[in-house]
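Here is a friendly briefing to read alongside the sequence and the 3D view. Take a moment to look at both, then follow the topics below.

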Amino acid sequence: MASGNRILKEEKVFKDPVHRYIHIRDELIWELVGTKEFQRLRRIRQLGTTFLTFHGAEHTRFNHSLGVYEIMRRIIEVFQGRPNWNEEERLLCLSAALLHDIGHGPFSHSFEKVFHTDHEWWTREIIAGDTEVNQKLKRVGDDFPQKVADVIEKTYQNKLVVSMISSQIDADRMDYLQRDAFYTGVSYGHFDMERILRVMRPMEDQAVIKYTGMHAVEDYIMSRYQMYWQVYFHPVTRSAEVILSKILHRVKVLHHRGYDFRQKPGHFTGFFEGNLSLEGYLELDESVTLYYFQMWQKEEDEILRDLCQRFMNRRLFKYVEFDHNFVMREWTRLQELFLKAEIDPDYYLVVDSSSDLPYDFYRPGEEEERMPIHLLMPEGKLRELSRESDVVEAISGKKRTDHKLYFPAELLETPGHEEEKQQIKDILLHPEGKTETEHPDG
Ligand code: ZN
């Protein structure tokens, strides 16, 4: 390989609270970390609005990306010298691990929903476009940026390489589960990664786990299951997410109406007009976004002003957990009552659903993009994990969904339209619509 494969004279070491140390020996990796597109990830939180629920969750995509790189580096150490492993793909794996989240923007989830954009598309733009990342990657070879993008998009021809970064047990998940547990301070999310790494083996088209490591993998799957429900889908985080989406939605509506903003939404207009440049996208991070929210607290428009004040001062919507059918039945009536009470239901009455599949085995024809986990049995055969593990079998392919209704509870207590407000409360607090307990299968 060309100059991109140079080894640094002295190893660079980052202190990391999750993996203790992150080791960089390749000049390319060190230079990628120094690009402005990678440094931008310092200004994008890993868990979006979760910091409003778990105040420790201020860690960024920068921390996480370095962590995924480090896990990938250690997987490769285990693979080196084994059959099916091609040492020439080492730098490709490390670069893809480091850059896999490079296209994320501020509060990605809400932005993607409101503006119909997606971070995968921006990832490709950053890797292939006129960027510092692209310049560094090209020094390895003209087709190297393309290969890195293919690995991240899971279209690269060597599926072993793809599985190391996106399967149901990959460097990405192993980092974020541990990192998110560490920074939120919850007691879930921990598992024996050292053990899993020691028993990972390269096969022709995927990384597999030696049979002896099955219990460590069970632990990993359970920790993932718990993290989803205790952290990722936390209803308070969702409430903040709902308000954030509504702010973006409101700004978009006002922009199209020709509303005269005190603080013009400069950085966002590319989204509204559908002509956002790569340069414009890269300028947008969470510091910039929060600056606008700060300023919009003083806007003339009452809804935008209120929503921004709610987000900045953490005055979130309340929620009730509802039976989906009940909400659908009462939906029109609820909207009418909100309108009569002069509370705009477009912004102040929101249904939000979360669902997760804790582990899924392979079902041909379905669009589950993550590969299942295979165990390498003593006689050399492969077996899909849920066929061997009772614990995993019990939760396999079971999708759990819950529906919540968000609304500003304190607005229902203000003077005026008391009758309608009472009727709204009667519906929202109606025992028939409430779900009794958790409903694992949705
Ligand atoms: Zn990631």
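Donors are N, O and S atoms within 2.8 Å of the metal, and because water is not among the atoms, sites may look incomplete. With that in mind, the donors of the zinc ion follow the spacing H-x35-H-D-x70-D along the chain. Please remember that this is a predicted model. The topics below begin with the metal site and then turn to strands, buried residues and a pocket.

**The zinc site**

- Which residues coordinate the zinc ion? They are His64 and His100, each through NE2, together with Asp101 and Asp172, each through OD.
- These contacts to the zinc ion span 2.1 to 2.4 Å.
- Why is the arrangement irregular? The four donor atoms around the zinc ion subtend angles of 82 to 172 degrees, and four donors count as tetrahedral only if all angles lie between 85 and 135 degrees, or as square planar if opposite donors are over 155 degrees apart and all others between 65 and 115.
- Two of the zinc-coordinating residues, His100 and Asp101, are buried.

**Strands and their partners**

- Strand S1 (residues 7–16) and strand S2 (residues 20–26) run antiparallel and are joined by six bridges.
- Between S1 and S2 lie three residues, and the two strands form a hairpin.
- To find this pairing in the 3D view, look for Ile7, which stands opposite Asp26 in S2.
- Strand S3 (residues 200–202) is also antiparallel to its partner, strand S4 (residues 207–210), with three bridges between them.
- Four residues make the hairpin connection from S3 to S4, and Pro202 has Ala207 in S4 as its bridge partner.
- S4 has a further pairing with strand S7 (residues 374–376), where the two run parallel and share two bridges.
- In that parallel pairing, Lys210 has Leu376 in S7 as its bridge partner.

**Buried residues**

- How many residues of helix H4 (residues 90–99) are buried? The count is 10 of its 10 residues, so H4 is described as mostly covered, where buried means under 20% relative accessible area.
- The buried residues of H4 include Arg90 and Ser95, as well as Leu91, Cys93 and Ala96.
- Ser110 sits in helix H5 (residues 108–115), and because its relative accessibility is 0%, Ser110 counts as buried.
- Although Ser110 and Leu244 are 134 residues apart in sequence, their C-alpha atoms are 6.8 Å apart in space.
- Is Ser167 buried or exposed? Ser167 is buried, with a relative accessible area of 5%.
- Ser167 is found in the loop between helix H9 (159–165) and helix H10 (171–184).
- Ser167 and Pro372 are 205 residues apart along the chain, and 6.8 Å separates their C-alpha atoms.

**The second largest pocket**

- The second largest pocket holds about 310 Å³ of space.
- Its lining is made up of 16 residues, and those nearest the centre of the pocket are Glu302, Glu342, Ile343, Tyr348 and Leu411.
- Which helix gives the most to this lining? Helix H17 (residues 302–312) does, with three residues.
- Sorted by class, the lining of the second largest pocket has seven charged, six nonpolar and three polar residues.

Notes:
Residues are numbered from 1 along each chain as its sequence is written. This is a predicted model: local features need pLDDT of at least 70, side-chain atom pairs count only at pLDDT 80 or more; totals for chains, interfaces and linings use all residues. Side-chain values use heavy atoms; hydrogens and water are left out. On a 1 Å grid over the protein atoms alone, a cavity is a set of points where a 1.4 Å probe fits but cannot get out, and a pocket is an open set with protein on both sides within 12 Å along at least five of seven lines; lining residues have an atom within 4 Å of a point. Grid points are joined across faces, edges and corners, and a volume is the space filled by probe spheres set on the points. Ala, Val, Leu, Ile, Met, Phe, Trp, Tyr, Cys and Pro count as nonpolar, Asp, Glu, Lys and Arg as charged, and the others, Gly among them, as polar. Donors are N, O and S atoms within 2.8 Å of the metal (3.2 Å for Na, K and Ca); water is not among the atoms, so sites may look incomplete. Four donors count as tetrahedral if all angles lie between 85 and 135 degrees; four count as square planar and six as octahedral if opposite donors are over 155 degrees apart and all others between 65 and 115; anything else is irregular. Buried means under 20% relative accessible area, exposed over 50%, partly exposed in between (1.4 Å probe, protein chains only). Two strands pair if DSSP finds at least two bridges between them.
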